[in-house]
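Good morning, and thank you for coming. Please look at the model on the screen while I describe how its parts are arranged.

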Amino acid sequence: MKIFATYFFLFSYWAERTGSIALTKIKGLSLSNLGFYLFFGLWALKVASSKKLFEKNPINKYFFILFFVLAISIPIKFLNGLSNPSNVTRELMLLKNILEPYILYFLVFNLLSNEDECKRATFALFVLLLASMCSMFLVHSGLMRIGNITVMSKLTSAGRSSGLGNPNDYASFIVLFFPINLYYLLTPATTPKRFLFLLISVATIVALIITGSRGGMISFFLSMLLFFFILHRKKVFNPQKLIAFSTFLLFCVLLSIFLSPSQVKETVINKSFNTDPVRNNETRIDKFTSGRTRIFRNAITLFTENPIIGNGQGTFIPLLEKKRGIHVAAHNLYLSLLIEYGLIGLIVFAMLLYRIFIYAKKAINTESTFQASLFYACFLSGYFGYVFSLIGVNGQNSNQVFWIYVAVATRWISLRQMAISEQTLGGYPIRA
């Protein structure tokens with residue numbers, strides 16, 4: 001039932017964002033909301049049977065601090081005159097939407113009971129990646145129309161359609177999950193399975209190129225650097241195998257570039273080396289960054305007004321429009337956190353991300369099995385690439401899936417750590 005709930009939520013969430021499915025009879029209820037309530041119900045049943053509210057986790061305290069910071073942003077917004085108490089219901093609904101990804105982490109982490117469930121949940125996330133890639137290829141080739149994917153493909157020029165509505169968000173999503181494909185490729189498998197995951201590796205890189213996201217490509221490169229660095233430090237492979245695998249991955253990248261549609265390659269090149277004249281109030285670097293540096297310059301003035309506690313939840317766009325005459329999203333999660341929750345909010349969020357990274361890094365140092373070490377390396381590299389990519393995107397179309405993946409990975413780590421501890425205390429040797 002837990003794995004069914006995972007599949008149900010993931011594919012409901014994705015289908016709603018592609019505009020291909022929606023509930024129409026019940027106002028305010030969506031399929032992804034039903035999936036969320038299913039998770040909640042399963043967690044409540046587990047609590048009732050085990051009499052245990054949640055599993056201990058060194059990361060929990062950082063979530064609780066973040067919850068507090070997010071909650072007090074409502075009265076801060078009232079005090080700043082950007083909303084009033086009569087809108088408290090709307091503000092609470094907005095808070096619920098903001099908190100939902102973190103609540104999903106809590107629910108999924110506490111629902112998974114063993115390593116097998118973690119592996120099946122990881123595969124569910126991988127299947128979502130495959131489904132979204134297939135939909136993008138079908139739309140891009142003109143073989144199928146799928147709601148918002150088709151719309152975004154037309155609005156953002158050739159080669160920038162995606163499986164989650166926003167090309168840059170989808171590139172971040174690909175960067176997050178590409179290493180999982182490497183995990184399946186490198187773990188013991190038959191030759192046909194290895195060939196299948198080889199094809200999927202090439203297709204995934206082609207999908208990344210099709211998004212046309214330069215930030216996504218940079219994040220992918222950095223995540224792969226970290227991946228090989230971990231493999232080298234942990235000595236998961238001997239030097240010869242590491243060089244061979246590096247060569248193989250380079251071959252996959254070159255093959256993917258060769259196989260990518262010519263329109264896509266032209267779009268990426270034009271975006272990166274555009275020599276058209278700049279517009280009024282725009283610098284060359286503004287044009288290169290698609291206006292993100294201009295947003296940053298204007299947003300900094302908002303930060304200086306309330307640098308410590310911020311302006312309150314959901315205030316970035318209306319404040320920027322009111323004070324700078326620009327109606328645009330932050331295109332940078334950390335920038336929006338800085339404006340809405342101040343330095344306190346950004347620091348708390350950064351601490352949470354850092355502690356998750358350190359938690360997984362420490363697990364690598366104590367792990368002795370090949371498969372677990374490889375999974376940790378895959379998780380850490382994808383996690384780092386995704387977190388880096390949030391410099392250029394808000395992550396609003398993929399953040400719930402991201403936190404589900406983090407929950408699955410950290411729960412897997414937690415279970416492995418408990419198993420290692422039991423073996424050590426019991427005096428049994430740990431087999432490699």
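The chain contains 17 helices and 0 strands. Please keep in mind that this is a predicted model. Of the 432 residues in the chain, 51% are buried. The accessible surface amounts to about 20500 Å², and carbon and sulfur atoms account for 66% of that surface.

How are the contacts of the chain distributed along the sequence? Among contacts with a separation of 6 or more, 75% are between residues 24 or more positions apart.

I now turn to three pairs of helices. The first subject is helix 7, residues 167-186, together with helix 16, residues 370-389. Their axes come within 7 Å and cross at roughly 165°. Angles over 145 degrees count as roughly antiparallel, and helix 7 is therefore roughly antiparallel to helix 16. The crossing of these two helices is right-handed.

Which residues bring helix 7 and helix 16 together? On the side of helix 7 they are Ser-172, Phe-173, Val-175, Leu-176, Pro-179, Ile-180, Tyr-183 and Leu-186. Helix 16 contributes residues including Phe-370, Leu-374, Phe-375, Cys-378, Gly-382 and Tyr-386. Sorted by class, the contact of helix 7 with helix 16 comprises 13 nonpolar residues, 6 polar residues and no charged ones.

Let us stay with helix 16 for a moment, since Ser-373 lies in this helix. Is Ser-373 buried or exposed? Residues under 20% relative accessible area count as buried, so Ser-373, with 4% relative accessibility, is buried. Setting aside residues up to four places away in sequence, Ser-373 touches Lys-234, Val-236 and Glu-367. Ser-373 and Val-236 are 137 residues apart along the chain, yet their C-alpha atoms are separated by 7.3 Å.

The next pair is helix 9, residues 214-234, and helix 10, residues 239-259. These helices pack at an angle of about 165°, and their axes are 11 Å apart. Helix 9 and helix 10 are therefore roughly antiparallel to each other. Their crossing is right-handed. From helix 9, the contact involves Phe-220, Met-224, Phe-227, Phe-228, Leu-231 and His-232, while helix 10 supplies Leu-242, Phe-245, Ser-246, Leu-249 and Val-253. There are 9 nonpolar and 2 polar residues in the contact of helix 9 with helix 10, and no charged residues.

Helix 10 also packs against helix 8, residues 191-211. What is the angle between helix 8 and helix 10? The angle is about 55°, with the axes 8 Å apart. Helix 8 is therefore oblique to helix 10. The crossing of helix 8 with helix 10 is right-handed. Leu-198, Val-202, Ile-205, Val-206 and Ile-209 of helix 8 meet residues of helix 10, among them Phe-248, Cys-252, Val-253 and Leu-255. The classes in the contact of helix 8 with helix 10 are 11 nonpolar, 1 polar and no charged. Val-253 thus appears in the contact of helix 10 with helix 9 and in the contact of helix 10 with helix 8.

My last example is Ser-201, which is found in helix 8. Ser-201 counts as buried because its relative accessibility is 0%. Apart from its neighbours within four places in sequence, Ser-201 is in contact with Phe-178, Asn-181, Leu-182 and Leu-185.

Notes: Residues numbered from 1 in each chain as written. Predicted model: local features only at pLDDT ≥ 70, side-chain atom pairs only at ≥ 80, totals over all residues. Heavy atoms only, no water. Axes fitted to C-alpha atoms, helices over the stretch in contact; angles between N-to-C directions. Helix = DSSP H or I, 4+ residues; strand = E, 2+ residues; numbered from the N terminus. Parallel < 35°, antiparallel > 145°, perpendicular 65-115°, else oblique. Left-handed = near helix turned anticlockwise from the far one by under 90°. Contact = heavy atoms within 4.5 Å. Nonpolar A, V, L, I, M, F, W, Y, C, P; charged D, E, K, R; others polar. Buried < 20%, exposed > 50% of the residue type's maximum accessible area, 1.4 Å probe, protein only. Areas by Shrake-Rupley, 256 points an atom, 1.4 Å probe, with all protein chains shown as cover.
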